[in-house]
Amino acid sequence: MKIHQMAPTPNCLRVSLFLAEAGLEVPRQEVNIREGENLSPEFRRLSANGLVPVLELDDGTTLCESLAICRYFDAIGPTGLFGHTPLEQGLVEMWTRLVEHQGLIPAFQAFRNLTGVYADRETCVEAWGQESKSRLYAFLPKLESRLAQATYLAGDRFSVADITAWTLLAFMARAGFDLDQDYPNIARWRARVASRPAFQ
Ligand SMILES: N[C@@H](CCC(=O)N[C@@H](CS)C(=O)NCC(=O)O)C(=O)O
């Protein structure tokens, strides 16, 4: 088994943090997406979405989509990171999707369309980049207000929703999207998550 990845990219980071939290080690193979290695026919055969990360099993079966990879490992040996009770599972799913759809995807779209980093493979639209950036910043108060009410996104326990939100904030920092104001509850949550062994 191995994971094809480009280590610092957000969705690969999400899988790496999940595996670290679960105490699992999986061999990795680096794919340089900036150089377009994921555009090759060989890689396209491995990855249904043409993107990293991709988990390749020993029998040759492959699984892409970071959350699907996390779910696979959770199904093999429950990690608790998708929630323990029915309500917790619902909340984990809800917050993971909210952070992904209203935070991560707008952040990626803003970065890609404003910098043109992948102009070799897509048409970049500056106005869409700006709009995506506005949507990203409009999401932050929602995150702040949730973290004013709860220790972790889904409640009292750390979950994959927190890994997703951490990934968002890490990506924003790398992309130069500074927080536009003080968010004390996000800051407290961030310090709490940073102290976890998997995040060292
Ligand atoms: N929804 C997918 C998104 C994967 C994705 O966006 N991967 C990026 C790196 S974080 C990528 O491979 N980009 C290369 C490209 O766009 O050509 C997931 O969660 O795995």
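**Stop 1: the ligand and its surroundings**

Begin by selecting the ligand in this predicted model, together with the 13 residues around it. Those that come nearest are Val52, Glu65, Ser66, Arg112 and Arg121. Colour the shell by residue class: 5 of its residues are nonpolar, 4 are polar and 4 are charged. Next, display the surface of the protein; the ligand sits in the largest pocket.

**Stop 2: polar contacts of the ligand**

Show the side chain of Ser66, where an N or O atom is 2.6 Å from an oxygen atom of the ligand. Turn then to Arg121, which has a side-chain N or O atom 2.8 Å from a ligand oxygen atom. Add Asn11 as well: a polar atom of its side chain lies 3.2 Å from an oxygen atom of the ligand. How much of the ligand does the protein bury? The ligand taken alone exposes 520 Å², and the protein buries 89% of this area.

**Stop 3: helix H1**

Select residues 10-22, which form helix H1. This helix contributes 3 residues to the shell around the ligand, the largest share.

**Stop 4: Val52 and Pro53**

Return to Val52, one of the residues that come nearest to the ligand. Select Pro53 with it and inspect the bond that joins the two: this peptide bond is cis, with omega at about 5 degrees. Most peptide bonds, by contrast, are trans. Pro53 belongs to the loop between helix H2 (41-46) and strand E3 (54-56).

**Stop 5: Glu65**

Where in the chain does Glu65 lie? It is found in the loop between strand E4 (62-64) and helix H3 (66-76). Examine its backbone: phi of Glu65 is near 75 degrees, a positive value in a residue other than glycine. Most residues other than glycine have a negative phi. Glu65 is also among the residues that come nearest to the ligand.

**Stop 6: the two annotated domains**

Finally, colour the chain by its UniProt annotation. An unreviewed UniProt entry lists "domain: GST N-terminal" at residues 1-81. Across residues 1-81 the chain is 37% helix and 16% strand, with the end C-alpha atoms 22 Å apart. The feature "domain: GST C-terminal", likewise from an unreviewed UniProt entry, is placed at residues 85-200. Residues 85-200 are 70% helix and 0% strand, and their end C-alpha atoms are 28 Å apart.

Technical notes: Residues are numbered from 1 along each chain as its sequence is written. This is a predicted model: local features need pLDDT of at least 70, side-chain atom pairs count only at pLDDT 80 or more; totals for chains, interfaces and linings use all residues. Side-chain values use heavy atoms; hydrogens and water are left out. A residue is near a molecule or strand if one of its heavy atoms lies within 4 Å of it. A polar contact is a pair of N or O atoms within 3.5 Å; within protein, one must be able to donate a hydrogen and the other to accept it, and residues adjacent in sequence count only if both atoms are side-chain atoms. Accessible areas come from the Shrake-Rupley method with a 1.4 Å probe; for residues, only the protein chains shown count as cover. On a 1 Å grid over the protein atoms alone, a cavity is a set of points where a 1.4 Å probe fits but cannot get out, and a pocket is an open set with protein on both sides within 12 Å along at least five of seven lines; lining residues have an atom within 4 Å of a point. A molecule sits in a cavity or pocket if more than half of its atoms lie within 2 Å of its grid points. Helices (H or I, at least four residues) and strands (E, at least two) are DSSP runs, numbered from the N terminus. Ala, Val, Leu, Ile, Met, Phe, Trp, Tyr, Cys and Pro count as nonpolar, Asp, Glu, Lys and Arg as charged, and the others, Gly among them, as polar. UniProt positions are given in the numbering used here, feature names are shortened, and annotations may be inferred rather than shown by experiment.
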